[in-house]
Each structure stands twice: as structure tokens, then as C-alpha cells.
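Please walk through this model with the coordinates open. The tour goes from one helix, to its chain, to a helix pair, to a single residue.

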Amino acid sequence: MDWSFITAHVPDFLAGAWVTLRFGLYGVACSAMLGLLCSLVLAYRVPVLRALVRAYVELSRNTPLLVQLFFLYAGLPRIGIRLSAEACAVVGLTFLGGGYMAEAFRSGLEAVDRTQREAGECIGLTLPQTVRYVVLPQAFATAAPAVFANMIFLIKETSMFSVLAMMDLMNVADTLRTSGGRTIEVLSMLVIAYVAILLPVSVLATLVERRMRYAGFGHQHSV
Amino acid sequence: MQDSGISILFKGVNFQRLMGGLWVTLRIALITIGLSVVLGLAFGLLMLSRRRTLRAVCRAWLEIVRFMPQLVLLYLVYFGFARLFGWDLDGETSAVIVFTFWGTAEMGDLVRGAVSSIPLHQRESAAALGLTPMQAYRHVLIPQTVRRLLPQAINLSTRIIKTTALVKMINVTEVLKVGQQIIGQFYRLREAPFWVYLTIFILYFLICWPISALAGWLEKRWA
Amino acid sequence: MSAILQVRHISKGFEQNPVLRDVSLDLDEGQVLVVVGPSGCGKSTLLRCINGLEQIDGGEILLRGEVISGRRKNLHLVRQKIGMVFQSYDLFPHMRVMDNLMLGPVKALGKPKEQAREEALRMLARVGLADKAGVYPRTLSGGQRQRVALVRAMLMQPEILLLDEITAALDPEMVSEVLNVVLDLARDGMTMVIVTHEMRFAEAVADQVVFLEDGCVVERNPPEIFFHRPETDRAKRFLQSFDYAPRKRAAPPDTNTGEIQCAP
């Protein structure tokens, strides 16, 4: 191990980790919003839109992110749609993640009894109010484990941003590896950097999941 | 528009070349799936072992393999092993090694989940009917396990197929790489990249979608 | 005076299976109408049609002379005037009892929170659950949950309350605590439409009894007549079957209703 090489390049890895984390989180946030909208369209059977959403979910879940990114970054500009590397990263990750998040939220929504919605409407709430105060909080609790699993999955997928000429962790590592030849050092730092990003996220996920599970308003019929 | 790009697909043997590239990824995926199923069954049984330490080791292994982005694992094997052990593995071999380790772990977890989801009273009621343990396995327990396992295992195989797109990053000449070569040759066609990448996107979809539709159908049927 | 609720010749079917056929009813303010009939006769569907959970296929429903049936945009405004309580309580499991009670008054009626809280506490005390305001529904017994559900409906100050077999899912010993609350509301002059299998309770609470069979109104009479001198053979048969085979569903047996204090 060449420790001086490692210490010299810690700032590079920090910068790369920041890019990975930042764009990962943008992607996760946008995916969650898109996924939630799609899940509402699916669960409440909005005509026309529903068919579009279904097609989108299938497309996003059955194609690799790498191919999606190539299409966005190298394909679309040729027909006049030009996105920056950063925009491609967020759009690509959102395209992929939206489909997965939609499925997660949809199963959460479907787990809420139909009668809950009727009960909300029977006390004079409008449908949007019922969804917001009655249905969604319960759906979120059920969907939480799947949503967190998707979040971790999406952050891992950011490793493919390196094809977009973004200086994320992968690309930092690649650049250093090809120029310096210190493969082992570079790979060790790469692993450590990903652990540093992913470990807190997965610990947080476990904690929230446990809290949700014991929140105590589940459907168990204990009297 | 007379020669704007879509025609590139039908120039010379371009389409066959793309299919050839696709076959490279599919071959890796098929070998990986085959190995993962066989090894995963064994790994799953290990995870169900009565020995706590053995279970803990398996669990740790699973978590580690799951934790890292697959691209990082590919780099570790492809670039790292060469440096550490002097093994000069080619891209395809590295990919099969990495994906099989990962697929085995995931498959093992599915096996564990499927087996432990069969309630104890199923075993007991089989015994109460006077079935021998062998008969109980053959007629009661294994069919139920398979029904739980098969849809999930099929889903895992689509994940493996999508993941094999990554081998592009370790210099395997697969479908994306072939696409780039074609684009390079026909660089005068402005819209060529758009059509080539769109085609690859659709090809992946056409492979993965029927498989996940099958998994969904089986899941619904056996629910 | 004119009726507060008028149901005129309504019909309703599910996939060509007629469930309600030409049903007409009317109800004056302060009256209690009890709907009885064999399982599957359309009782629940009738209630669900009244507050718009189901669209009717024909006829019309009027509340204080205003048509409320048919496709309309602000169904929620109508529902604010019509309270409904279900067999399965349907409290919101993720909210404490107090939040369950305040949601409608605050969000739908726009009442100030403090006022809503005070009213909720007063009503809770009236049904004997003042100490349960801060707990989650999961920790309550079935009878307690159903009383909370009644309070939740009452806090919307509805003009009519619809009760759909509210004791059918309860353990026998809890039936009376819930029915007593309903008797209490009836004494206070609450206008109600009640679907029930508790015949003694029905007799005690009803001003009018409607007997529904195969989606048709077969008989309508005051309880003294319906339960003792029914005019139709079908009602007679129904009441007889009730005495000898109390119910088919896995719900409380009738034997228990004897414990209810029936006198209004």
C-alpha cells in the first residue's frame, strides 16, 4: 500500500463521493415523487393515464440503466434534445427509479382497506383529503421497507454515471487507476467510499423500518 | 430524412452485428443464471442450517455481496485480481465470476425465504395424515416451496440479464460496444446514435419484459 | 311537514343482478327507520346508495327536498350532512382516537381545532370513553371502537345517521354497550336509518320498520304491528325463521339482546 498516494487523493475521492451522493439523492427524491404520482394513477384507476403509466413502469423496470443513460446522453442530442451530463444523470435515475417506486407505493396503497377510503368520505372529506389524511399515511408505513430498498438500489446504480463524463466515485477511481497504476490503492479507496455512503443509508433504513413496523397501527386484530 | 439514421440498422450486416453483441451479454447471463440456480440452492440450504455460526457467515456474505455496487465488484475482480494474484482474467470470465457470486447469494436468500415461509403446521398436518417425511417433502413441502420460489427466481434472472449490460465497462465487446463501433463507422449519419441506442433499449426490453411478465403471471396464479 | 329524506323508486343492480327494485321510503325529522330482511336483501346497498357510496341506476333520493342522487361534483358536501357507521368500525388505525374524531370537523367543516376538541371530548364522555382520547384504536375493544365510530359520525352534526349492522362484528357481550348509545341518540331526536339483525333492539328503537326482501319493500309498519301482527306472509316467515334460527353469520346470537334496556 502506498499511503502517500492514498492521502494525496483523499480529496479527489471526497469530491467524487459528493457527486455520487448528491445526484443519487436528487434521483431518489425525483423517483419517489414520480413513483408516488404513478402509484396514485394506478391505484385510483385514472383512465388513459393508467395505460401510459403501466407502459412506463414496464419500460423502466425491464431495461438496464446503462442503456437508458446511453440513449439519453448520446442518442437524444442527435434528434435535437440536448441534456447536460448532470441532467441526464437525474433524468436517467428518475426514469429507472420512478418505475420501482411506483410499484412500492402501489402495493402500499393496495394494502389499505377499501373501507378506509369510504370511512373518510363518509365524514365528508373530499377524495384528495381522504387520500392525504387517511390513505397515504397508512400506505407509506406499509411501503417503507420497499421504498428504502429502492433508495439503496438507486444510490448503487449511480456507479453508472461514469459513462456520462461526470466525476463521480467510479470515474475518479477510473481516472486515477489508468493514470497512476496504483490499482489496489484506488480500488480500496473506492470500496471504502461506497461503504461510507451506503452504510449510513442502510442503517437509517433499518431503523425507520423497525419504527414503522412497531408503530402499532397495523392491521392486527388484537383486542 | 432520406438517409438520416434509421437506415443504419439495415446497412450491411449491422443488425446481425448488434445481435451478435447481444448474444455476448446473454451468454454471460445464461451461464450466470445456470450457476446461480445450482449454487444458490446449496447456499440457501446452508442459510437454513441449524448451526448458528454457519448461518451468520452466510448472512454476512450475502450482505457484503449485496452491499457493493456490482460495477465495483467487477472492477475488484477484473482489475484487482490481476494486480493482487497476477490472474489475467478476461472480461467475460470476470463477469461470470462476479455475477455468479452475487446471483448465488440472492438465489440463496430466495430459497431461504421460500422454505421458511412454509408454515410449521403444514409439516405437522402432513405428518398427521401419516405421510413419511419423504412423502411430506415430495407432495406437500416441495411443491409449495417451488410455487413461492419460482416467480422470484425468474425475476432474479431478469435482474441478472439487466446487470450484464455492465460488462461494457470492463471492455467486453457486447451490444453497447458493438453499437458504438457501428456508430463510429457511420459517423456521417447524424441520427445514427439515436437509432442504435433506441434499438438496444428495445432489444433489452423485448428480452426482459416477457420474462418478468411470466414471473408476474405465475405469482398471481399461485398466490 | 315534508320528509327530511325521500327515496323515490330507486333501483340498483350489480352486473345485471338487481339488488334494489323500485324502493321508495320517506322519513320525517327525528324519526328512526329500521330496515330488516334476510341476508342479501339489499339493506346495506340501500344505505350505501343514500349517501352516494353507490350510484343508483334509477329513481332519485332527496334530502330536504333537494335531489342528492346521480352524478354530482360535491358529493362530499352531501355526505357531511349524512353520517354513516359501518359494521367494521373503520376507524383510522394510524390516528389516535382524538385525531380520528377531529379530522372531519376540522378538515371538512373547517372548525377551529380547540372547538372541535372540546366537542369531541364532550361526546366521548357521553359514551363513556373520555379516558380513551389519547390511545390508538388498536388498543380498544370492538365495542369501544364502535362507540368511537358513532361519536366520529355524530361530531359532523349530520342531519341523518345511517347505521349499517353496527353490532354484527361484535362479541356478544359488547353488543348492548353499543346499542345503548344508539337508543340514547334516538331519545335525543336523532334521525336515523338503521340496518340490524337485533330484533328486540329494532322493536325498541324504531318508529317505522321496513321489511326488505329480494330488493323490494315487502312491508312497512310501526314496530308494534310489524313485530306482533305482521301483515304479510313473507314478514311472518322471516320473523319466525328469526326466532328459531337466529342467524347464519358468525355474529352474536340474539339471546344476548335480552340484556338491553329496551324501554325508550
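**An enclosed helix in chain A**

Start with helix α3 (residues 65-75) of chain A, where nine of the eleven residues are buried, so the rest of the structure largely encloses this helix. Keep in mind that this is a predicted model. Buried here stands for a relative accessible area under 20%. The stretch from A:L65 through A:V67 to A:L72 supplies most of the names: A:L65, A:L66, A:V67, A:Q68, A:L69, A:F70, A:F71 and A:L72 are among the buried residues. A:G75 is buried as well.

What do the buried residues of α3(A) pack against? Part of the cover comes from chain A itself: α2 (49-61), α4 (85-111) and α6 (127-157). Chain B adds α7 (175-185) and α8 (192-222). Both chains therefore take part in enclosing α3(A).

**Chain A as a whole**

Now step back. Chain A has eight helices and zero strands. Its pattern along the sequence is α-α-α-α-α-α-α-α. The C-alpha atoms fill a box of roughly 70 × 50 × 25 Å along the principal axes. Of the 223 residues in chain A, 52% are buried. The exposed surface of chain A is about 9,800 Å², and carbon and sulfur atoms supply 66% of it.

How are the contacts spread along the sequence of chain A? Take contacts between residues at least 6 apart in sequence: 80% of these join residues at least 24 apart.

**A helix pair in chain B**

Two packed helices are described by the angle between their axes and the distance between the axes. In chain B, look at α2 (residues 52-67) and α4 (residues 91-116): their axes come within 9 Å and cross at roughly 125 degrees. The two helices are therefore oblique to each other. The crossing of α2(B) past α4(B) is left-handed.

Which residues meet there? From α2(B) come B:R59, B:W61, B:L62, B:V65 and B:R66. From α4(B) come B:F101, B:W102, B:A105, B:E106, B:D109 and B:R112. The residues of this contact divide into six nonpolar, no polar and five charged.

**One arginine in chain C**

Finish with C:R79, in helix α2 (residues 75-79) of chain C. Is C:R79 buried or exposed? Its relative accessible area is 6%, so C:R79 counts as buried. Leave aside its neighbours within four places in sequence. C:R79 then contacts A:E121, A:C122 and A:G124 in chain A. In chain C, C:R79 is in contact with C:N51, C:G52 and C:L53.

Key:
Residues numbered from 1 in each chain as written. Chains lettered and ligands numbered in written order. Predicted model: local features only at pLDDT ≥ 70, side-chain atom pairs only at ≥ 80, totals over all residues. Heavy atoms only, no water. Axes fitted to C-alpha atoms, helices over the stretch in contact; angles between N-to-C directions. Helix = DSSP H or I, 4+ residues; strand = E, 2+ residues; numbered from the N terminus. Parallel < 35°, antiparallel > 145°, perpendicular 65-115°, else oblique. Left-handed = near helix turned anticlockwise from the far one by under 90°. Contact = heavy atoms within 4.5 Å. Nonpolar A, V, L, I, M, F, W, Y, C, P; charged D, E, K, R; others polar. Buried < 20%, exposed > 50% of the residue type's maximum accessible area, 1.4 Å probe, protein only. Areas by Shrake-Rupley, 256 points an atom, 1.4 Å probe, with all protein chains shown as cover.
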